[in-house]
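Got your viewer open? Let's take a short walk through some charged side chains, one selection at a time.

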Amino acid sequence: MASLQLCLPFSSTSRFRYRPVRCANERQALFNRIAPVYDNLNDVLSMGQHRIWKRMAVTWSGVKSGDNVLDLCCGSGDLAFLLSEKVWPAGKVTGLDFSEDQLSMASSRQDLLSKVCYRNIEWVEGDALDLPFSDCFFDGITMGYGLRNVVDRRKALQEMFRVLKPGSRISVLDFNKSTQPITATIQEWMINIVVVPVASGYGLAEEYEYLNSSIKEFLTGKEQEKLALEVGFSTAKHYEITGGLMGNLVAMR
């Protein structure tokens, strides 16, 4: 396991808010490297399906107009933009990530898309294991492809529970660690035969080779449900989607 360390702050010209970050250094560097082509690769590798999965995640979060919501491990902002459309005009979205380059991409996309509702998004560099927000602060939380990558999943869920208002939900989208051998084999084959070769065309083969090992080290849906209940959530349900290749944990405080 990579050690945790304090990352360097942004320059004073940064357009998003800085919070000190304790992060797994190697993982942060990885996401900084893939940031410039992250969106294009997502479209190519999923054949556009990731947009459907993310809309499902936002729907499961149960957020509505006027809500104050958090997109954790927000990357280049896909879920945050979808959330902003749900909570507009009176609501607010905070997109938090530990990757400066990913946040820069998100901020640039916000300017480029220039939809009125996207003005309610604030980008924050921060640590999913030490959220810079007060208790019971958010009406809903989404997390896309982040729980698998944090160094302490229990702590990440504890922090989500802490900052979430009672009666509100988290919606956590990620690769599914299937208990079905056929599904797991198909998933591994797709990563080795499709994902890594395509990523190599962008010069990022090594950066995407970690996927198989990260999925094997991840929690099954049942294990995610169990952990969510252990940290205090009143209900937890994991949904398998796309034939069990992806999964979405929904838990209510």
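Before selecting anything, one yardstick: a residue counts as buried when its relative accessible area is under 20%, as exposed when it is over 50%, and as partly exposed in between. Keep in mind, too, that this is a predicted model.

**First stop: helix 6.** Select E159; at 6% relative accessibility, it falls under the 20% cut-off and is therefore buried. Now add R162, which makes a salt bridge with E159, their closest N and O atoms 2.9 Å apart. Both residues sit in helix 6, 3 residues apart, or about one turn of the helix. R162 itself is partly exposed, at 22% relative accessibility.

**Second stop: the other partner of R162.** Keep R162 selected and bring up D135: here is another salt bridge, again with 2.9 Å between the closest N and O atoms. This one links distant parts of the chain, since R162 is in helix 6 (residues 153–163) while D135 is in the loop between strand 6 (121–125) and strand 7 (138–144), 27 residues apart.

**Third stop: D78 and K54.** Select these two and check the gap: their salt bridge has its closest N and O atoms 2.8 Å apart. D78 belongs to helix 4 (residues 78–87) and K54 to helix 3 (residues 49–61), so the pair ties together parts that are 24 residues apart in sequence. How accessible is each of them? D78 is buried at 11% relative accessible area, and K54 is buried as well, at 8%.

**Last stop: zoom out.** Add R109 to D78 and K54, and you have one network joined by salt bridges that share partners. Across the whole structure there are 13 salt bridges.

Conventions:
Residues are numbered from 1 along each chain as its sequence is written. This is a predicted model: local features need pLDDT of at least 70, side-chain atom pairs count only at pLDDT 80 or more; totals for chains, interfaces and linings use all residues. Side-chain values use heavy atoms; hydrogens and water are left out. A salt bridge is a side-chain nitrogen of Lys or Arg within 4 Å of a carboxyl oxygen of Asp or Glu. Helices (H or I, at least four residues) and strands (E, at least two) are DSSP runs, numbered from the N terminus. Buried means under 20% relative accessible area, exposed over 50%, partly exposed in between (1.4 Å probe, protein chains only).
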